[in-house]
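Student: I should like to request a close look at a single part of this protein, beginning with one residue and then following the chain outward from there. Please explain each step of the reasoning as you go.

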Amino acid sequence: MVKACVCGAAGGIGQPLSLLLKLNPLVTELALYDVVNALGVAADLSHIASPAQVTGYLPPDNGAERALEGSDIVIIPAGVPRKPGMTRDDLFVCINAGICATLAQAIATACPKAFILVISNPVNSTVPVFAEVLKKAGVFDPKKLFGVTHLDIVRASTFVSAVVGKPAEASGYTVPVIGGHAGVTILPLLSQSKPAIPSDILADKEKRDALVYRIQFGGDEVVKAKDGAGSATLSMAQAGAEFAKFVLEAAFGGKSKVVQAYVYLGADSGGAAVQKEIGTELEYFSVPIELGSSGIEKILSLGKLDEYEQGLLGAAVKELGPSIEKGATFQPSPPKL
Ligand SMILES: NC(=O)C1=CN([C@@H]2O[C@H](COP(=O)(O)OP(=O)(O)OC[C@H]3O[C@@H](n4cnc5c(N)ncnc54)[C@H](O)[C@@H]3O)[C@@H](O)[C@H]2O)C=CC1
Ligand SMILES: O=C([O-])CC(=O)C(=O)O
């Protein structure tokens, strides 16, 4: 029996993400929480013939806590998306930090042992918000908190295939992406791609710059194309559902998996060795992790970065420091649920 809860389930990401979770055979109970339309989305999905029993919850009568109660995994795409001209950082002050703090508090009360997958932006700061609220409540488990950066990995794979000139499905490029989830903090390790990217592409600075830029600013490409109607929703839903599947298969299906996610590297996390590789004691970074039955089984080495990637690392670290600080020091005056 596996209970999944989606917070922000009626939104652009929330709806297709909930659909994909409804289709995941490991999920037997799916609770959908939102401040609007959660009951409608739940009724709609409940007509699909798959194992998960779907229920919807709105804020009245502690709806968030009732939705979260006993959840094994919570996936959070609640909050406001970007419009053209905005950075992800603008969303923090806007409202998302407060929403995240409120939901973290509800999780601490209702399902403190759940795996927590944070999609709400800016991930570089919202994950520290979650960690701080959970720490204060005495229930923080660094092995179970993930900033979802999986869309960057999905994009890297797709864009590399396009440059190499092979269909994405057939070529199956897997490119590790480390760092954070905003602009230059997104650090694709093209030199570690499997299969390897042809060396003439990596050696061509202009081609490599363009490829790296597209991966780092893929989110902006969608924000611009949607022209005021939000940011990536469908690709994010697919990436979020895939990442959730990896976590669930490792926890409940006996299948361990190595992926990258934005995780806590501070005290007692097992992150000291990777902090040495990064060259600073940043408390959060997207790093390769081995998933197992209790979440992060092991934080793994970044592997060898080539000279080009070493150059990108400096810029990523410089921007991440203040973003983490902002999240970690956020003083919640949460909106009413
Ligand atoms: N991590 C990543 O790679 C990505 C993150 N995002 C982020 O995901 C978030 C959601 O994006 P969209 O789904 O496009 O936005 P959306 O506006 O379509 O949906 C957000 C949903 O959250 C709900 N919501 C607002 N306050 C809430 C609260 N206190 N509790 C529960 N639900 C609440 C809204 O009612 C809405 O249904 C944004 O912050 C966006 O920037 C988007 C794409 C990729
Ligand atoms: O760009 C945005 O605001 C949404 C996002 O995080 C992405 O698409 O990577």
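Tutor: Let us begin with aspartate 268, bearing in mind that this is a predicted model. Aspartate 268 counts as exposed because it has 10 C-beta neighbours inside 10 Å, and a residue is called exposed when that number is 12 or fewer. Its place is in the loop between strand S9 (257-264) and helix H12 (272-278). The backbone of aspartate 268 also deserves attention, for its phi is positive, about 65°, although the residue is not a glycine. To see what is unusual here, recall that most residues other than glycine have a negative phi.

A second aspartate invites comparison. Aspartate 61 likewise has a positive phi, near 55°, in a residue other than glycine. It sits in the loop between strand S3 (53-57) and helix H3 (63-68). With 8 other C-beta atoms within 10 Å, aspartate 61 is exposed. A positive phi is also found in a glycine of this model: glycine 165, just after helix H6, has a phi of about 85°.

The helix that precedes this glycine can be checked by simple reasoning. Helix H6 runs over residues 150-164, which makes 15 residues, and at 1.5 Å a residue it should span 21 Å; the C-alpha atoms at its two ends are 21 Å apart, so expectation and model agree. Which residues of H6 are buried? They are His150, Leu151, Asp152, Ile153, Arg155, Ala156, Ser157, Phe159 and Val160. When reading such a list, it helps to remember that an α-helix has 3.6 residues a turn, so residues three or four places apart point the same way.

Arg155 leads us to a record. The unreviewed UniProt entry lists Arg82, Arg88, Asn121 and Arg155 under "binding site". Arginine 82 is located in the loop between strand S4 (73-76) and helix H4. It has 23 C-beta neighbours inside 10 Å and therefore counts as buried, since the threshold for that term is 20 or more. Setting aside residues up to four places away in sequence, arginine 82 touches Arg88, Leu91, Val223 and Ser231. Arginine 88 lies in helix H4, and it too is buried, with 25 other C-beta atoms within 10 Å. Beyond its neighbours within four places in sequence, arginine 88 is in contact with Arg82, Asn121, Pro122 and Ala182.

Two of those partners, asparagine 121 and proline 122, are joined by a cis peptide bond with omega near -5°. Proline 122 belongs to the loop between strand S5 (115-118) and helix H5. Another cis bond joins lysine 194 and proline 195, with omega of about -10°. Proline 195 lies in the loop between strand S8 (186-188) and helix H8 (199-203).

We now turn to how two helices meet. Two packed helices are described by the angle between their axes and the distance between the axes. Helix H4 (residues 88-110) and helix H5 (residues 123-136) pack at an angle of about 35°, and their axes are 9 Å apart. The crossing of H4 past H5 is right-handed. From H4 the contact draws on Phe92, Asn96, Ala97, Cys100, Ala101, Ala104, Gln105 and Ala108, while H5 supplies Ser125, Thr126, Val129, Phe130, Val133 and Leu134. Sorted by class, this contact has 10 nonpolar residues, four polar residues and no charged ones.

Finally, consider two buried residues with partners elsewhere in the sequence. Proline 188 is in strand S8, and with 27 C-beta neighbours inside 10 Å it counts as buried. Apart from neighbours within four places in sequence, its contacts are Ala156, Val175, Val177, Val212 and Ile215; Ala156 is one of the buried residues of H6. Proline 188 and valine 212 are 24 residues apart along the chain, yet their C-alpha atoms are separated by 6.8 Å. Glycine 219 is found in helix H10 (residues 218-226) and is buried, with 23 other C-beta atoms within 10 Å. Its C-alpha atom is 8.7 Å from that of glycine 183, 36 residues away along the chain. Leaving aside neighbours within four places in sequence, glycine 219 is in contact with Ser231 and Ala232. Ser231 is also touched by arginine 82, which returns us to the positions listed by UniProt.

Note on methods: Residues are numbered from 1 along each chain as its sequence is written. Chains are lettered from A and ligands numbered from 1 in the order in which they are written. This is a predicted model: local features need pLDDT of at least 70, side-chain atom pairs count only at pLDDT 80 or more; totals for chains, interfaces and linings use all residues. Helices (H or I, at least four residues) and strands (E, at least two) are DSSP runs, numbered from the N terminus. The expected span of a helix is 1.5 Å times one less than its number of residues. Axes are lines fitted to C-alpha atoms, for helices over the stretch in contact, and angles run from 0 to 180 degrees between N-to-C directions. A crossing is left-handed if the near helix is turned anticlockwise from the far one by less than a right angle, and right-handed if clockwise. Two residues are in contact if their C-beta atoms, placed from the backbone, lie within 7 Å. Ala, Val, Leu, Ile, Met, Phe, Trp, Tyr, Cys and Pro count as nonpolar, Asp, Glu, Lys and Arg as charged, and the others, Gly among them, as polar. UniProt positions are given in the numbering used here, feature names are shortened, and annotations may be inferred rather than shown by experiment.
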